Structure formats: C-alpha cells, structure tokens
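Please work through the exercises below with the sequence and the model open beside you. Each one sets a task and then solves it step by step.

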Number of protein chains: 2
Amino acid sequence: MKACGLIVEYNPFHNGHLYHVNEAKETTQADCMIAVMSGSFLQRGEPAIIDKFHRTKAALKSGVDLLVELPYAYAVQSSRYFAKGALLTLDALKTNYVCFGSESGDIEQFYKGVEQRQAKKELYDETIQSFLQSGLSFPLASQQAYEAIGLSELDLFQPNNILGFSYVNTIVEENLPIKARTIKRKSSHYHDDEIDSSIASATSIRKELTNGQLSSKAKNALPDATVQELESYRKKASVWHDWEDYFPLLHYRITTMTREELASIHGVDEGIEGRLISTINGAHSFADLIEKMKTKRYTYVRLQRMFTHILTNTTKVEIAGFFSFASLPYVRLLGMTKRGQEYLNESKKSRTVPLVSNLNHKQKTLYLDERALHVYYSVLPVEKRLALRKQEFQLPIIL
Amino acid sequence: MKACGLIVEYNPFHNGHLYHVNEAKETTQADCMIAVMSGSFLQRGEPAIIDKFHRTKAALKSGVDLLVELPYAYAVQSSRYFAKGALLTLDALKTNYVCFGSESGDIEQFYKGVEQRQAKKELYDETIQSFLQSGLSFPLASQQAYEAIGLSELDLFQPNNILGFSYVNTIVEENLPIKARTIKRKSSHYHDDEIDSSIASATSIRKELTNGQLSSKAKNALPDATVQELESYRKKASVWHDWEDYFPLLHYRITTMTREELASIHGVDEGIEGRLISTINGAHSFADLIEKMKTKRYTYVRLQRMFTHILTNTTKVEIAGFFSFASLPYVRLLGMTKRGQEYLNESKKSRTVPLVSNLNHKQKTLYLDERALHVYYSVLPVEKRLALRKQEFQLPIIL
C-alpha cells in the first residue's frame, strides 16, 4: 500500500479540506490518506474550536484513513518547527508522499526555491540577521532575505506557499524519503472573511459559529460529518473553544508567576516579561491584552503562541528536552478507518517509532500533550470535563 | 494613648466580635483598639467571604480604631506562625496589650501553662516527635504532649485556648513588652452550627449566607455595619467567596504543574504531591478532593492551607525568604478612625517598621500579599475585578 500524508489542523474540517483530500489521492494515487493534525492548540497559538477526538471523527468520515497527533512541542511553533515535526511524524509512519495546498500549485517552484536558498545560504542568513536586528519580525525578515537571494518564482508572501516551502525544505534538509506534491488552493486567501461559496476558509467559517449556532452559510461550506461533530461536541462540552474563554486562567496564571518563572517559559524572550507584568492588570480581555502587547517584533501570532505556552506552563527546558531526542519519541494515534488499520499492520515491521494509542500507555514524553489537553478542557464545567477526558484512555477511534 | 491589640479574621465581623472589642476596651482601659487581621486567605486555608477592605470598613464602624493586615506568610499557617506574625505586628505598632477570647477566660492559666511547658521542654518535644512519627497530626500530637507534661489547668482541646496559648507563648519567647489579657467567650464552641441567639459563630453565620441572601437569623447575629458591607460587596463583586469558586483554578493549576514544581510549594511535604497528581483528575469538587486526600496526618485544615499555597504559587523558598528578615519587613495599613490616626501620629517616633498604606509604595516584600489578592479576586468577572483592585492603590480607609 502507498500512503500520502497531509499536514492539517482541521479547525474545523471543511469542503476545502475535502477537496484537498480527494485531489491529493488523485494526484498521488495513494491507497491510504494519513493526516498529521495539531491537537488541542494550533500553530497560530489558538485553542482548536472542538477537541481533537471530534475533529478526528469528522475527518475519518470524509476520506482520511489515519489521523495522528502532531506533538504539542512541534504544533505550537513557528512554521520551521511545525514543518519538521509534521514531516518526522509522516516519515515515522513510512508515508510515501506529502501533499499540501499552496497558492503556487507548482511543486517544481518549491524544490527549486529550496535549492536556491541552500546555494545562497550565507547571504540569506546574513540578510535575515540584519533585518531581525533592525526590529523586524521573523516572517518579515525572512521575506526580505528571500528577496535578497533572488527567489523570484515562488511568492513567499502567500501563507500556504510559506508553509509548503518549509515542508520541502525539511524533506531536503533531513534527507527524508518522502515525495512532495502540491495542489493549487481553490480559495486563494487563507484570511478571507467572507463565505461566498461552498469553499470557504476555516477563519471565515469560525466567524459564523460564534453564537453556538451553525449559520446556513457555514453549513454550506462544511461536510455533514463536520456539522454533526460540531453539534455533538457543543452538546457534550457546552462550548466551542475560543481564546477569550481562557483569559481568566491566563490572567490568574500571569499574576501568580514570579518574573523568573515567566522568563523560563518557552516564547517569553528578550525581556518581554517585564512589559507583560505591567500590562496584564489593565487588560479587559484577551483581545485587549494582545492589542496592548503588540509591536513590530512581537506579532499577533507570536504573542498568541507565547500566551499558549504560559497557559500550558511549557518551559524552555521542556521544549529543549523534547527536541533533544535523536528521533521522534512517539506517534500518538487518534483514529483510523479499516484501511488505515490495514496500512498500520502492513507497515509495522518497517516502523521504529512507538505508536501510542491512548494514555494507558504511560509514555513519559507524552506529558506536554496531556497537559495541553488538561488546559484545553479546563474551561468546561467539571462534570463535562471529566466525561470528555475519558476519551484519553479509550482505544483510538475506528470507523 | 494606650493601645490594645486584637488578633482577628472578621469573617465576617459579628456580635461576638463586637462583644470582644467592647470587653477588651473595658478590661484594658485602652484608648485605641488595634486589630491585626488576616487579609485575603485565612488561617484555616480558606478565602475570606468578602475582601479585606470591606471587612475593614465593617470593623471600623463597630469600634475598632485601626486595622492592619497580617502578612500572607504568617496568616495561612499553623497557630504558631500565625501567633508570631500577629504579635510581631502588634509590637511594631507599640501596642500595650493584646486581648483574646478563650474558653478558659483566665489569663493566669495561660502564663502558667507556658511556664510549665518551658520547664519541661525536653519531655514535651520528645513526646510530640514520637506521636508525629506514629502518624498523628500536629494538633493531636501536641495535645498528647501537653498531657504528658501534666498541663492540667488549661484545656488545650479548646480551639481558642490553643490560639491564646500560642499568643502568650510568643510574648514570652520573643520577650515582647505586651501584656496579655483574655475574655471568656460567650459562645463557647467555635464550630457551633446553629445560630441560637444574637451571638453566633462565624462558621454558623456563613452557612446562612450561601444563596446570596442574608437570612434573618444571620442578620440577628451581625451588626448593621456588617450587613451593609456584606451587601455592598455582593453588589460590587457578585459573589461571596467560597473555596468551591476556586476549584476550577486549583484544578487547572495542579494539572499544569510538574511534580517538582508541586514539591516546591509551601505545605506540600512528605511526598504528598504523588497522591495529589493521581487524585486531582477524579475530583468532582473541592470538597470531594479534600475528602479523597484526607488522612490522619493530613487533616482537613492542613490540606486547605496546602491548596491555598498551591493556588497562590507560594514556594518554600519564598516563605523562608520572608521569615529570614531580622524584623517584620512592613506593616500594611488597611484603615483607621480619627482616633487610630492620632495614635499613629503619637507613636510615630517610637516605631521602626515601615508602615505601608497602599501598593503605590513599592515595597518588594509585599509581593506575597499582592499575589494573594490577585488570586482572591480572580474568580470575579473581569470588569468587577478591575474595579475592586483599584482599592489596592487608594489611601487607607479613614472613618
């Protein structure tokens, strides 16, 4: 069996994702579609709208055969680490392809771009350093660096091109036996606010979900399975998760930490803890806090990631410890179809990374993911929290 | 002017406290009544029902002339440290007397008891150690030790006698120029559940306050000023504080701490962190958690204190740091009458400990109290929290 990997968040799984799954299958002619998905908190430093188990079910019902979790240590990170974690996971599962959506749609542009950067690595590094020193954020500095080395064909101002570039770069750098493929995205802009057809961005769909109701616009952009899982989760948890739900916990946490503790947290850098301590008490909401903390260098997303790490109490030492393993310490299985199960059986002998199906396997390194899920559920009423947490100890979902 | 000190929690100030203030004034013929009061969290490891500012106002309206805060590091502690902090504070204010309520009512019994214990210190210490080693809690072990040294007159099974004994013991041990006096308590049992007259225990009164309403029984046991302050606080904060309000924060906190972090917290001893980690996830409420954690050695109150320190993130190192000062680092002024103000002016020259009137004086050692108040308010809706916190930066209450 041949497998194709997808790197996803499914927040929530929508018609654009469905198109992606089908096109990827078509393009690669793979027998098994494997998705590596962020768990409780996402790459932009946000809680997922519903838990990883319900997002898994929605995806399994829509054509994905196997879902595994991207470890927290890689998931809530800049694109470089996010990409590395995702590709190491796909490699651990012996995936033949990775297929990503991009604004470009031409895989040659990506391979060529990575090659160009490697050839001009010194100039690239120097340029990025000088722009960082001038106070630019990392994403802006790297764009300047790409311009400096004359990366002309691939437009690295497009968010999905940037991610794709990180994927291909990781494959080349880590020398992984995975072939990259790309599909031109139907909805070209990730940040589109308007839902104008059956393909809409996850951002625009989430905006239609704020009052506990799915608008008809939202339903139009989602497979039935997703609608079901969104409604089912809402019933069980009584919320769709949003950063503002966590603001009381974040405020509590920051105001009870010493300056030294704050500085020990992953993502709290360059003395920002001082500004944080003086800002937190006047903040009226999470949005207000971010607005007051934002600078050219500390972008919205960088701050959101930092706040996620503060909330989960993830230290620099813990992240460094996780990254110090020679290979991935585990792959956490979330769910599979019969076909996914067959694939796992078939690939068993060639796999070396342990597969963890639930928390009954006491894998010490799972600790960060476990903690993230604790935090994720901590905004629920206690009985709902206790009921949902049981999913951690059940067998993976099999459809 | 002569001053008499009272060691109080006023949770809330009731007719028994009023009786105590008046009798203490009568007994000592003091001109100024000074109360040293626990702030946000109390000696039994519980949040106060309303904040320290509103409790201060109620007391000032009922005959107390000056209220200062017992620092958190002394307030949420066993009676020995609680007593020491309170008496050092009263001494810093050059108080002539301390007058406490007791079941005994005879001050000679206390002085004699302290003398007896000092004379048989070795036997006392040996007995207490052997009973602690056999698994008894500290309060029970010390009662056994008192029996062993033949402390016959003073009944140290009575909670207010125990506290009074600690006060007198501190005065003798620290050689403080404070004269102790005692008043026989009207309501003899601290833990009485029933309100049967206009004198009722704070415990029984709090039970009448659970639904946001003051019952007529409760009103009967409270001065009007207290009723006003309880209602005023309820309007501003929308809660009367109870441990259960803090359970979601406590659960969040414990589930995001490493075992090492837990063990660093003041009061987390003898490896109890292991049991805590395995128990926290099954707990349905704070009461349920305590019930599941309770042992002969880890009593209800000891656990409540431990949970308060976890909630406020107070480490062993921080407490040790606070206690390492040669004298009290500050006295925090909460409020005063004109008479209290006169007393402060008059005693100014003989005082050496700095008086802090609000958080605008950046006194570094106030940090633990500030944090405790942050935690205390953290269960309020954000706008109410922001409004109430402003009290920290205002001048002390003057009536």
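**Exercise 1: Domains of chain A**

Task: state how chain A is divided, and describe the contact between domain 1 and domain 2 of chain A.

Solution. The assignment, whose bounds come from an automatic or database source, divides chain A into domain 1 (3–104 + 159–189 + 325–398), domain 2 (120–157) and domain 3 (243–318). Taken over C-alpha atoms, the centres of domain 1 and domain 2 of chain A are 29 Å apart. Counting residues as in contact if their C-beta atoms, placed from the backbone, lie within 7 Å, domain 1 of chain A gives 6 residues to the contact and domain 2 of chain A gives 4 residues. On the side of domain 1 of chain A that touches domain 2, there are 2 nonpolar, 3 polar and 1 charged residues, where Ala, Val, Leu, Ile, Met, Phe, Trp, Tyr, Cys and Pro count as nonpolar, Asp, Glu, Lys and Arg as charged, and the others, Gly among them, as polar.

**Exercise 2: Basis and confidence**

Task: establish what kind of model this is and which scores it carries.

Solution. This is a predicted model, in which local features need pLDDT of at least 70 and side-chain atom pairs count only at pLDDT 80 or more, while totals for chains, interfaces and linings use all residues. Residues are numbered from 1 along each chain as its sequence is written, and chains are lettered from A and ligands numbered from 1 in the order in which they are written. Chain A averages a pLDDT (the predictor's confidence in each residue, from 0 to 100) of 92, and 96% of its residues score at least 70. The model as a whole scores ipTM 0.90 and pTM 0.92.

**Exercise 3: The two chains**

Task: find the relation between chain B and chain A, then describe their contact.

Solution. Superposed by least squares on the C-alpha atoms of residues with pLDDT of at least 70 in both, chain B falls on chain A after a rotation of 180° with 0.0 Å of shift along the axis, at an RMSD of 0.0 Å. That is the relation of a two-fold axis. In chain B, the C-alpha nearest this axis belongs to B:Leu249, at 3.5 Å. The same surface serves both copies, since 100% of the contact residues of chain B recur in chain A.

The contact takes 18 residues from each of chain B and chain A. On the chain B side, the elements that give two or more residues are α12 (243–255), α19 (367–377) and α20 (382–389), helices here being DSSP runs of H or I with at least four residues and strands runs of E with at least two, numbered from the N terminus. The largest share, 5 residues, comes from α12(B). By class, this side of chain B has 6 nonpolar, 10 polar and 2 charged residues.

**Exercise 4: One helix and one unusual residue**

Task: decide whether α4(A) is mostly covered or uncovered, and whether B:Gln29 is buried or exposed.

Solution. Helix α4 (residues 79–92) of chain A has 14 residues and reaches 20 Å from its first C-alpha to its last, close to the expected 20 Å, which is 1.5 Å times one less than the number of residues. Of its 14 residues 11 are buried, so α4(A) is mostly covered; a residue is buried if 20 or more other C-beta atoms, placed from the backbone, lie within 10 Å of its own, exposed if 12 or fewer, and partly exposed in between. Among the buried residues are A:Phe82, A:Leu87 and A:Asp91.

B:Gln29 lies in the loop between α1 and β2 (32–38) of chain B, and has a positive phi of about 55° although it is not a glycine. With 9 C-beta neighbours inside 10 Å, B:Gln29 counts as exposed.

Methods. Contact = placed C-beta atoms within 7 Å.
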